[in-house]
Amino acid sequence: GEGKEDLCICLMENPEAVWKRIARGAWIWEREPHSRIAEMKALAASLPRFTRRDMEEFMDQDPVYGPRLRGLQRAGDIAVVASVPGALGSAMYTYRQMGRLGLVSGLAAGFGAITFGLAADSLYCWYAGLNRIDQFEPNEKFLYYWYQKHHGRD
């Protein structure tokens, strides 16, 4: 209700300022998650490639979103590491049950990797308190930081 009326009033008075606020993510919480992903992909495609070192620089500079982004990266790393034993264990189990490797073992390995990876990611996010934050926001803040670093401030 009330926020949308303010948006309409601001849009009529100063449309340029409103679009700048939207581009900076001031009303990002009102949009759908899939549109946020599309916006992030479009923004990332328009920027030069970044490295892990660039992300570390952002994480060291930003006291709020830096630790969150570092935690999300750690959760992703843990998920990748956990998916390996999940895949191997599932493939070995189906091999012991069936006596040969094949399509079923491959499917079981994929299922085990996904299951273990997601379980490890979820457990770490819960342990680190990342389940209570908007997990898109640290990535968006990094992309906006990267945009400002290469295109100047708006």
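This is a short chat about helix α4 and its contacts in a predicted model.

User: How do α4 and α7 cross?
Analyst: The axes of α4 (residues 52-61) and α7 (residues 137-151) come within 11 Å and cross at roughly 105°. The two helices are therefore roughly perpendicular (65 to 115 degrees). Helices here are DSSP runs of H or I with at least four residues, and axes are lines fitted to C-alpha atoms over the stretch in contact, with angles from 0 to 180 degrees between N-to-C directions.

User: Which residues make the contact?
Analyst: From α4, D54, M55, E57, F58 and Q61; from α7, P138, K141, F142, Y145, W146 and K149. Contact means heavy atoms within 4.5 Å.

User: What about D54, buried or exposed?
Analyst: D54 is buried (under 20% relative accessible area, 1.4 Å probe, protein chains only; exposed is over 50%, partly exposed in between). D54 has no salt bridge, and K149, the nearest side chain of opposite charge, is 4.8 Å away. A salt bridge needs a side-chain nitrogen of Lys or Arg within 4 Å of a carboxyl oxygen of Asp or Glu.

User: Which side chain does K149 meet in a salt bridge?
Analyst: E57, at 2.8 Å, N to O. E57 lies in α4 and K149 in α7, so the pair ties together parts 92 residues apart in sequence.

User: How many salt bridges in total?
Analyst: Four. Among them, D77 and R52 meet at 3.2 Å.

User: Any caveats on numbering and confidence? What pLDDT do local features need?
Analyst: Residues are numbered from 1 along each chain as its sequence is written, and side-chain values use heavy atoms, without hydrogens and water. Local features need pLDDT of at least 70 and side-chain atom pairs 80 or more, while totals for chains, interfaces and linings use all residues.

How values were computed. Parallel < 35°, antiparallel > 145°, perpendicular 65-115°, else oblique. Lys, Arg positive; Asp, Glu negative; His and termini not counted.
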